[in-house]
Amino acid sequence: GRRQVSGSAVLTATNTLVQNTTATADPYAARSVPAYSCCQQNGISIGNARTFTAGSTPYVFCNGLSLSGSSAVVTLNPGVYIINQGSLSISGGAQLVGTGGVTIILTGPGGTSNVGSISHSGGTLQVTAPSTGPTRGIALWIDGRAPSSAVSISGNGTLALTGALYAPSSVISWSGTGVAVADTGCFQVIGRQYSISGGFTM
């Protein structure tokens with residue numbers, strides 16, 4: 001993979017920033033997307049306050065999940081949330097908050113061309129990964145069998161994660177005047193390549 005920083009973007013490393021070296025082994029390569037079944041929501045667009053609870057099995061959003069506007073404040077209670085054959089879109093000051101042990105996974109049948117992307121163009125996306133279970137340590141996960149999926153963080157949005165943004169086959173781009181921070185603890189970014197531009201701070 002490669003990285004590119006341009007414009008007035010800022011990439012700050014706590015320790016030395018290492019470049020042009022052998023890629024680090026994928027720490028989650030042995031993980032598999034948890035089994036899931038029927039859809040609880042289908043092609044949902046949210047503009048108000050909502051709360052979802054996964055329970056002991058994944059909660060499934062089919063054909064995407066979209067949040068728009070400052071009134072869209074969505075809380076995900078602890079658990080695994082699957083976006084099956086669709087994208088996650090956050091815009092216009094919307095907030096998606098999942099703390100206490102949440103993983104959001106974008107996948108699809110066979111995990112290939114049907115997997116969507118993450119688009120965050122304003123607002124807040126705050127997720128704390130579980131510390132136990134099959135998705136431990138992963139906050140956001142795009143199925144690695146989907147090479148055409150992408151992650152785009154743009155505008156003036158805030159991405160606050162504890163755990164990994166795990167998109168091993170995806171291009172991850174950060175632009176605009178937004179910020180990506182570790183909410184508490186460690187924040188990992190694992191992708192095929194990434195770029196930071198504009199005034200984005202990471």
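**Salt bridge, nonpolar cores and a buried loop residue**

The side chains of Asp 143 and Arg 145 meet in a salt bridge, with 2.7 Å from N to O; the term denotes a side-chain nitrogen of Lys or Arg within 4 Å of a carboxyl oxygen of Asp or Glu. The model is predicted, so local features need pLDDT of at least 70 and side-chain atom pairs count only at pLDDT 80 or more, whereas totals for chains, interfaces and linings use all residues. Residues are numbered from 1 along each chain as its sequence is written, and side-chain values use heavy atoms, with hydrogens and water left out.

A search of the whole structure finds 1 salt bridge. Asp 143 counts as buried because its relative accessibility is 4%, while Arg 145, at 46%, counts as partly exposed (buried, under 20% relative accessible area; exposed, over 50%; partly exposed, in between; 1.4 Å probe, protein chains only).

The largest nonpolar core (buried Ala, Val, Leu, Ile, Met, Phe, Trp, Tyr and Cys residues joined through side-chain atoms within 4.5 Å) has 41 residues. Phe 52, Leu 96, Ile 104, Leu 140, Leu 159 and Trp 174 touch the most other members. Strand E14 (residues 158–174) supplies the largest share of this core, 6 residues; strands are DSSP runs of E, at least two residues, numbered from the N terminus. A second, separate core of 11 residues includes Cys 62 and Tyr 166.

Thr 135 lies in the loop between strand E11 (123–128) and strand E12 (138–142). Thr 135 counts as buried because its relative accessibility is 2%. Beyond neighbours within four places in sequence, its contacts (heavy atoms within 4.5 Å) include Arg 31, Val 80 and Trp 141.

Notes: Helices (H or I, at least four residues) and strands (E, at least two) are DSSP runs, numbered from the N terminus.
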